[in-house]
Every structure is written in C-alpha cells, then in structure tokens.
Amino acid sequence: MSEPPNVLVLCTGNSARSILGEVLFNRLGKGRVRAFSAGSKPAGAVNPGALRLLRREGIDASGLRSKSWNEFAAPHAPRIDIVVTVCGSAAGEACPAFPGKAVRTHWGLADPAGVAGGEAAEDAAFQRTWTLLRQRVEAFLALPFETMADDELERELHEIGQMEGAA
C-alpha cells in the first residue's frame with residue numbers, strides 16, 4: 001500500500017464500540033492507518049458512556065459523531081481498505097458496496113451500552129471494551145500489514161478477532 005490504509009469500524013448504532021475503535025486505530029496508529037467509524041442504523045449521537053471514557057483517557061471527542069455507513073459508499077468517500085465489524089448485528093447485515101476491494105473481518109465484543117446497574121457499572125463495561133479493543137488494535141499494528149497480501153491479512157485479522165472477550 002502506497003498510502004496508509006483506511007479502516008472503517010462498523011457497528012449497528014455507531015455510538016460506542018465502533019467510535020472507540022476509530023479513536024484507537026487513529027491514536028495508536030500514529031499515521032500508519034486512517035480510521036473512520038459508521039453504523040448501519042446510526043444512533044445519531046455518541047453514547048455518554050463512551051464520552052466519559054474518552055474524557056478519562058484525555059481524548060478530545062469533539063469531532064466524533066454517529067454516522068451512517070452510506071457516507072462511505074458515496075462516490076467521493078475515502079477509499080476503504082479494511083472493514084472491521086465490532087458487534088454481532090453489523091457482522092450479520094449486508095455491508096454496502098465499497099469502491100475497490102476491502103478486507104473484511106469481525107471483532108465482536110459485548111455492548112457496553114447494554115449493561116444494567118447504573119453509571120459505575122456502565123463505566124466499568126466501557127473500560128473493559130476499551131481494553132479489549134486496544135489489545136486488538138495493538139495486535140493489528142504489530143503486523144507488517146503494509147506489505148501483506150489480502151488473504152494473509154484477512155487470516156491475521158480473523159485471529160485477532162478471536163482474542164479474549166470475543167462475542
């Protein structure tokens with residue numbers, strides 16, 4: 001790849017896991033990748049639990065928003081090289097037709113927004129999701145993905161998706 005690959009992190013609502021994935025890829029990738037997130041049925045806002053976590057991590061969330069995956073299937077959208085689904089619903093839905101050939105993988109994680117028990121329980125669930133996503137993104141960034149063939153990259157991404165906490 002001559003340019004850094006564009007990664008699209010998908011989930012149904014694009015309000016929690018996919019937003020955190022976008023942030024982690026961009027933050028830890030330090031320019032080796034460019035990440036976006038989207039949802040098949042966007043919630044319209046970033047989940048408050050995700051915003052609290054990002055604040056605790058010292059990350060400015062002002063540019064983040066819940067958006068439709070249709071934005072990335074439009075004619076002038078960025079080229080998508082890798083699609084990572086992070087929830088079971090998005091993995092089972094038909095993805096839009098992206099220009100070019102995107103490598104697809106599923107890194108399913110439990111929905112932290114669905115945790116009952118109040119804000120403290122929700123914050124703990126978001127922290128767990130952040131930790132699990134961070135481990136996956138770090139494993140991806142440890143790969144020589146810039147020089148890997150698509151089938152080899154897809155196999156490695158699948159293995160990463162089987163890490164601890166896979167749903």
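**Helix and strand packing in a predicted model**

Q: Which residues of helix 5 does helix 4 meet in this predicted model?
A: The model is a predicted one. On the helix 4 side, the contact is made by Arg-136, Ala-139 and Phe-140. By class, the contact of the two helices has 5 nonpolar, 1 polar and 1 charged residues. The helix 5 residues met are Leu-153, Leu-157, Ile-160 and Gly-161.

Q: Are helix 4 and helix 5 roughly parallel or roughly antiparallel to each other?
A: Helix 4 spans residues 119-141 and helix 5 spans residues 150-161, and their axes come within 10 Å. The axes cross at roughly 155 degrees, and angles over 145 count as roughly antiparallel. The two helices are therefore roughly antiparallel.

Q: Is the crossing of helix 4 and helix 5 left-handed or right-handed?
A: Two packed helices are described by the angle between their axes and the distance between the axes. For helix 4 and helix 5 the angle is roughly 155 degrees. The sense in which helix 4 passes helix 5 is right-handed.

Q: Which strands stand at the edges of the sheet?
A: The open sheet is formed by 4 strands with parallel pairing, in the order 2-1-3-4. Each edge strand has a single partner strand, so one side of it is left without a neighbour in the sheet. The edge strands are strand 2 (34-39) and strand 4.

Q: Which strands does helix 5 touch where it packs on the sheet?
A: The twist of the sheet averages 20 degrees from one strand to the next. The direction of helix 5 makes about 15 degrees with that of strand 4. Helix 5 touches strand 3 and strand 4.

Q: What is the bridge partner of Val-83 in strand 4?
A: Strand 3 (residues 82-85) pairs with strand 4 in the parallel sense over 4 bridges. Strand 4 (residues 103-106) has Val-103 and Thr-105 on its covered face, with Arg-104 and His-106 on the uncovered one. The partner of Val-83 is Arg-104.

Q: Is Leu-24 buried or exposed?
A: Leu-24 lies in helix 1. Leaving aside neighbours within four places in sequence, its contacts are Gly-29, Trp-130, Leu-133, Arg-134 and Val-137. Its relative accessible area is 1%, and under 20% counts as buried. Leu-24 is therefore buried.

Q: What separates the C-alpha atoms of Leu-24 and Arg-134?
A: Arg-134 is among the residues in contact with Leu-24. The two are 110 residues apart along the chain. Their C-alpha atoms are separated by 6.4 Å.

Note on methods:
Residues are numbered from 1 along each chain as its sequence is written. This is a predicted model: local features need pLDDT of at least 70, side-chain atom pairs count only at pLDDT 80 or more; totals for chains, interfaces and linings use all residues. Side-chain values use heavy atoms; hydrogens and water are left out. Axes are lines fitted to C-alpha atoms, for helices over the stretch in contact, and angles run from 0 to 180 degrees between N-to-C directions. Angles under 35 degrees count as roughly parallel, over 145 as roughly antiparallel, 65 to 115 as roughly perpendicular and the rest as oblique. A crossing is left-handed if the near helix is turned anticlockwise from the far one by less than a right angle, and right-handed if clockwise. Contact means heavy atoms within 4.5 Å. Ala, Val, Leu, Ile, Met, Phe, Trp, Tyr, Cys and Pro count as nonpolar, Asp, Glu, Lys and Arg as charged, and the others, Gly among them, as polar. Buried means under 20% relative accessible area, exposed over 50%, partly exposed in between (1.4 Å probe, protein chains only). Two strands pair if DSSP finds at least two bridges between them.
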